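Subject: Structure for you to look over

Dear colleague,

Here is the structure I said I would pass on, with the sequence alongside. Please have it open while you read the notes beneath.

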Number of protein chains: 2
Amino acid sequence: MTDREEISAYLASHKRAIEEALSRFVPDESHYPPTLFQAMRYSLFAGGKRIRPILCLAAMDALGAGEQLKKAALPVACAIEMIHTYSLIHDDLPAMDNDDLRRGKPTSHRVFGEDIAILAGDALLTEAFHLLSKKELTATFAAQVILEVINEISYAVGCFGMIGGQVVDVRHGEQEMDEGTLYYIHHHKTGALLTAAVKTGGLLAGADEEKLLALEKYGAHMGLMFQIVDDLLDVEGDDGTFKKRLTEETSLGKLTFPSLLGIEQSVKKVTELKAQALEAIETFDDKARPLRLLVEHLATREV
Amino acid sequence: MTDREEISAYLASHKRAIEEALSRFVPDESHYPPTLFQAMRYSLFAGGKRIRPILCLAAMDALGAGEQLKKAALPVACAIEMIHTYSLIHDDLPAMDNDDLRRGKPTSHRVFGEDIAILAGDALLTEAFHLLSKKELTATFAAQVILEVINEISYAVGCFGMIGGQVVDVRHGEQEMDEGTLYYIHHHKTGALLTAAVKTGGLLAGADEEKLLALEKYGAHMGLMFQIVDDLLDVEGDDGTFKKRLTEETSLGKLTFPSLLGIEQSVKKVTELKAQALEAIETFDDKARPLRLLVEHLATREV
């Protein structure tokens, strides 16, 4: 089995487990009011790659957690995906990026209306914290550890994390179109939750301070790399719509690495960050193999 | 000192303590990005009566908690107020109620734009859970109790609580304009968080199952009463703008008790609910005096 086959199999089996769990944790439209649950599940099952919850579970693997412990951690993995989904719904709103499509499907507000899209996002965020506070988790993990997980995640997606990044992204002025602002946006808007996903896996698997710090560094480098690859995919796509989107975003004042540094420098940056992510966890034994293969996979991904 | 003077003094001193704590817990615009923190604090300090956090502390009083324990619970009281504030910001959005004014001041989206208003709401909700997971609380309360508090609050404001109520409120059809729908909306949109505030105070003060149930009943009756009084204030206000608002809301298909049952029946309902709220906590001793005076105050409030 090649590395590529190995990580593909890992991704597929974990994606399946996460989606099964999500479907159990998020009520369907047989509940009242049906529109709300429809909207929540519409975006939740709109073709996400589940990278964040998989990173959480891969970090647990790296610490030697068994399948039993990983299974018990599924509510945390799912809460992370629910928060990611809420952020996409709100980012797509007319008042923000005003996107009609997400992963080739109509965005939430196009299907359900702006009011329901806002509320479905609010609900996914709220239900994520509800899931994190349920008794299921304390059957396996210490209440204090769960509180640390909630603390970590809420910080990552709050005003000093994802929301801060989004505010700067929608509101940065012309004079701020520099590399520093771009780093700020990427580190906060994308990097913070990716890092929290990895670190949370470490917390649940009982990582010590040193390992947690290593996972945090891994997450920060990998997170930035992930976003630059995302930017590059928009430029390099053969499909004309990608290039069109880049042009539009650039004219809207959207910052991207390729538009700021050029494609060549951006590709070089990806290689550097990949190496730094791997270096951060070099003292980990072979159980960190999924984390290692994941960086490689995310550096060369095509979607 | 009359009852009215007594509860006025209680409300004033607790409001002050809560606002001081809120100002400590929510960072100001010296932080980056300043617009976000400005928007969060603009709505947070826009003249709220702090009824929900005060109810939380009054429930602690009813259980005999001392000033020290109440002080330690301020992060919980503040988190509840932050969640209430987020819900107001999102309710006022153009896609929802499209309100230009709230408590006589321009609404968040009128001041900061729709994008920042949505994000400031998101941030207040997220930071509320962050506050609930901080180490300060576990210095005094058991981690398990804090998780129960998070569970209680997140349920109350999630899809089976406040957000469910808001979805029905913005989307109920003509055929649903009946008493059942009205109860559903009020119980969920307003009642759930008011009840959770009271119950959370009970949890923090170590209430047993029986007392918790009593507090929950008190909260449910008082919450519905609170909302009917709110509806009545809109009709009975001497100021013409109130009546205008009622007419507008009615023509927009907004349900209210006065428009459905008439003023006389609505006033009768308030009296009934007040009695039921008091009855729910009749086995409590005199330490429940603030909870008792609060019901009376809220039944006869003029704003």
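The notes below go through the fold of the chain, the meeting of the two copies, one helix pair and some backbone details.

Please keep in mind throughout that this is a predicted model, and that the values I quote are computed from it.

To begin with the single chain, the secondary structure of chain A comes to 16 helices and two strands. The C-alpha trace of chain A spans about 50 × 50 × 35 Å along its principal axes, and its radius of gyration is 19 Å, which agrees with the value near 19 Å that a compact globule of 303 residues would have. Of those 303 residues, 51% count as buried. If one takes the contacts in chain A between residues at least 6 apart in sequence, 73% of them join residues at least 24 apart.

Turning to the two copies, chain A is superposed on chain B by a rotation of 180° with 0.0 Å of shift along the axis, the RMSD being 0.0 Å. The two copies are thus related as by a two-fold rotation axis, and the C-alpha of chain A that is nearest this axis belongs to Ala143(A), at 2.7 Å from it.

As for the interface itself, 41 residues of chain A are in contact with 41 residues of chain B. On the side of chain A that touches chain B, at least two residues each are supplied by α2 (34–44), α7 (114–132), α9 (143–156) and α10 (162–171) of chain A, and the largest share, 12 residues, comes from α7(A). By class, the residues on this side of chain A divide into 23 nonpolar, 12 polar and six charged. The copies meet through the same surface, because 100% of the interface residues of chain A are also interface residues in chain B.

Within chain B, one helix pair may be worth finding on your screen, namely α3 (residues 51–62) and α16 (residues 289–300), which pack at an angle of about 140° with their axes 7 Å apart. That angle makes α3(B) oblique to α16(B). On the side of α3(B) the contact is made by Leu55(B), Ala58(B), Ala59(B), Asp61(B) and Ala62(B), and on the side of α16(B) by Pro290(B), Leu291(B) and Leu294(B). Sorted by class, this contact has seven nonpolar residues, no polar ones and one charged residue.

Some backbone details remain. In chain A, a cis peptide bond joins Tyr32(A) and Pro33(A), with omega at about -5°, and Pro33(A) is found in the loop between α1 (3–25) and α2 of that chain. In chain B, the peptide bond from Tyr32(B) to Pro33(B) is cis, with omega near -5°, and Pro33(B) has its place in the loop between α1 (3–25) and α2 (34–44) of chain B.

Two residues have a positive phi although they are not glycines. Arg50(A), with a phi of about 60°, lies in the loop between α2 and α3 (51–62) of chain A, and counts as buried with 22 C-beta neighbours inside 10 Å. Asn98(B), with a phi of about 50°, lies in the loop between α5 (74–92) and β1 (101–102) of chain B, and is exposed, with 12 other C-beta atoms within 10 Å.

With best wishes

Methods. Residues numbered from 1 in each chain as written. Chains lettered and ligands numbered in written order. Predicted model: local features only at pLDDT ≥ 70, side-chain atom pairs only at ≥ 80, totals over all residues. Contact = placed C-beta atoms within 7 Å. Helix = DSSP H or I, 4+ residues; strand = E, 2+ residues; numbered from the N terminus. Nonpolar A, V, L, I, M, F, W, Y, C, P; charged D, E, K, R; others polar. Least-squares fit on C-alpha atoms with pLDDT ≥ 70 in both. Axes fitted to C-alpha atoms, helices over the stretch in contact; angles between N-to-C directions. Parallel < 35°, antiparallel > 145°, perpendicular 65-115°, else oblique. Rg over C-alpha atoms; globule rule 2.2 N^0.38 Å. Buried ≥ 20, exposed ≤ 12 C-beta atoms within 10 Å, placed from the backbone.
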